[in-house]
Amino acid sequence: MKKSILITGGAGFIGSHVVRRFVSRYPDYLIVNADKLTYAGNLENITDIESGKNYRFEKIDIVNKQSVLDLFSKYSLDGVIHLAAESHVDRSITGPDEFVFTNIVGTLNLLNAALNRWKENFEGKLFYHISTDEVYGSLGSDGLFTEDTAYDPRSPYSASKASSDHLVRAYHHTFGLPAVISNCSNNYGPNQFPEKLIPLAINNIKNNKPVPVYGKGENIRDWLYVEDHASAIDLIFHKGKIGDTYNIGGNNEWKNIDLIKLLCSIMDKKLGRPAGSSEKLITYVKDRPGHDLRYAIDSSKLQNSMGWSPIPEFSTGLEKTVDWYLANTKWLERVLSGDYGKYYDLMYAGR
Ligand code: NAD
Ligand code: TYD
């Protein structure tokens with residue numbers, strides 16, 4: 001094998017698309033997927049590539065320092081693409097501790113293990129940390145986040161991700177660890193756990209359940225199709241400048257309420273319901289505490305330096321996503337079994 005690459009969180013939403021892309025596009029790379037398989041991790045997301053000769057799975061908790069060191073001893077790794085994280089803002093509000101453990105301590109453990117193995121010779125090595133635009137805080141009605149925007153995280157989730165970004169940069173500056181970071185906007189697409197807005201709304205519309213819209217639905221997010229994020233990660237892993245940060249975004253801002261209305265109209269067509277029937281399910285609920293108003297990314301650095309651009313139109317990407325959820329009802333049923341019912345009741349009861 002030409003290279004061995006550790007991908008953390010490869011059973012999760014974005015990680016599964018990244019693992020699939022690397023296993024299928026790079027047969028001469030060994031891809032090691034390390035995942036704890038939390039509620040958000042599901043090996044069913046990657047059954048199509050699990051028998052690949054260049055693929056290995058390791059069930060580990062990155063918070064466990066020894067497990068991480070053992071992983072680096074077992075494989076002679078050249079690169080790390082670090083996606084494993086607790087990723088849902090609402091969960092970070094009801095239980096921040098896990099976010100600090102996984103997102104901060106877990107990243108620290110990976111940094112220490114990589115530094116320990118690579119410090120004699122950094123040639124050909126790379127620690128690539130996947131982060132979020134939420135570290136930049138919240139925008140007013142205009143302006144975009146650039147790579148130079150000062151950090152201003154405002155939720156326990158974004159604070160833990162910001163902290164991990166700072167650690168990665170500190171290891172690069174202090175110890176010379178070859179590292180690169182990307183900060184991406186909101187992703188959508190197949191395999192996203194239905195606690196996030198788009199799959200939650202698809203599932204509720206399908207089941208004729210209320211679609212909860214926080215506050216007045218005026219918060220704005222910049223949506224990117226998950227495979228476009230995976231293609232950006234591929235480019236940055238291979239061509240990114242060590243020590244640099246790249247913003248990744250869809251140039252696709254939507255108010256939540258407008259997005260939900262678009263989704264309702266797509267669902268009406270797909271489910272053969274009369275136009276306007278799904279919109280009746282929209283229910284305004286109590287706002288998220290500290291709800292960031294607007295995220296929007298300037299990804300011109302990535303676009304200009306590597307020729308990357310997002311592919312599907314939002315309505316096309318949304319249709320593909322709806323089609324996937326409607327075709328994969330068994331996947332939905334399985335991820336929604338277990339503790340999800342309890343989570344849903346707890347999160348939405350008081351709203
Ligand atoms: P996800 O919640 O769907 O998946 C996270 C994965 O990490 C799961 O497979 C889970 O089992 C694994 N994991 C969690 N804790 C772990 C631990 N202690 N040890 C090992 N594995 C563990 O998340 P996602 O939406 O795919 O996000 C992936 C990464 O991308 C995260 O770092 C997130 O911050 C970042 N990101 C996400 C978005 C988005 O819109 N979803 C946008 C920008 C950046
Ligand atoms: P989410 O998918 O949780 O992503 P993030 O908070 O990381 O941006 O939420 C996207 C937007 O949708 C955010 O403004 C919160 C809002 N939202 C709702 O209005 N209702 C919901 O049930 C959920 C989960 C989110």
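Which element supplies the largest share of the shell around ligand 2? In this predicted model, that element is β8, with three residues. The legends below take the whole chain, then each ligand, then one buried residue.

**Figure 1. Overview of the predicted chain, with its 12 helices and 12 strands.** With a radius of gyration of 20 Å, close to the 20 Å that the globule rule gives for 351 residues, the chain is as compact as a globular protein of that length. Along its principal axes the C-alpha trace extends over about 65 × 45 × 40 Å. Of the 351 residues, 55% count as buried, and the chain as a whole exposes about 14700 Å², of which carbon and sulfur atoms supply 50%. Among contacts in the chain with a separation of 6 or more, 82% are between residues 24 or more positions apart.

**Figure 2. Surroundings of ligand 2, where 18 residues form the shell.** The residues that come nearest are Glu134, Arg221, Arg288, His291 and Tyr348. Two of these, Glu134 and Arg288, can be followed through their side chains: an N or O atom of the Glu134 side chain is 2.6 Å from an oxygen atom of ligand 2, and an N or O atom of the Arg288 side chain is 2.5 Å from an oxygen atom of the ligand. Pro212 takes part through its backbone, with an N or O atom 2.8 Å from a nitrogen atom of ligand 2. Taken alone, ligand 2 exposes 510 Å², and the protein buries 97% of that area.

**Figure 3. Make-up of the shell around ligand 2, to which α6 and β8 each supply at least two residues.** Helix α6 covers residues 197-206 and strand β8 covers residues 211-214, and β8 provides the largest share, three residues. By residue class, the shell divides into eight nonpolar, five polar and five charged residues.

**Figure 4. Surroundings of ligand 1, which is enclosed by 29 residues.** The closest of them are Ile14, Asp35, Ser87, Tyr157 and Lys161. Several backbone atoms can be picked out in this view: an N or O atom of Gly12 lies 2.9 Å from an oxygen atom of ligand 1, and an N or O atom of Phe13 lies 3.1 Å from an oxygen atom of the ligand. At Ile62, a backbone N or O atom lies 3.0 Å from a nitrogen atom of ligand 1. Taken alone, ligand 1 exposes 840 Å², of which the protein buries 97%.

**Figure 5. Make-up of the shell around ligand 1, in which β5 gives the most residues, three.** The elements that contribute two or more residues to this shell are α1 (13-25), β5 (126-132), α5 (156-175) and β7 (186-188). The shell is made up of 14 nonpolar, 11 polar and four charged residues.

**Figure 6. Close-up of Glu58 in strand β3, which covers residues 55-59.** Glu58 has a relative accessible area of 15% and is therefore buried, the cut-off for that class being under 20%. The side chain of Glu58 is joined to that of Lys74 by a polar contact of 2.7 Å. Leaving aside neighbours within four places in sequence, Glu58 is in contact with Val32, Asn33, Ala34 and Asp35, and also with Leu71, Lys74 and Tyr75. Asp35, one of these contacts of Glu58, is also among the residues closest to ligand 1.

How values were computed:
Residues numbered from 1 in each chain as written. Chains lettered and ligands numbered in written order. Predicted model: local features only at pLDDT ≥ 70, side-chain atom pairs only at ≥ 80, totals over all residues. Heavy atoms only, no water. Near = heavy atom within 4 Å. Polar contact = N/O pair within 3.5 Å; in protein donor to acceptor, adjacent residues only side chain to side chain. Areas by Shrake-Rupley, 256 points an atom, 1.4 Å probe, with all protein chains shown as cover. Helix = DSSP H or I, 4+ residues; strand = E, 2+ residues; numbered from the N terminus. Nonpolar A, V, L, I, M, F, W, Y, C, P; charged D, E, K, R; others polar. Rg over C-alpha atoms; globule rule 2.2 N^0.38 Å. Buried < 20%, exposed > 50% of the residue type's maximum accessible area, 1.4 Å probe, protein only. Contact = heavy atoms within 4.5 Å.
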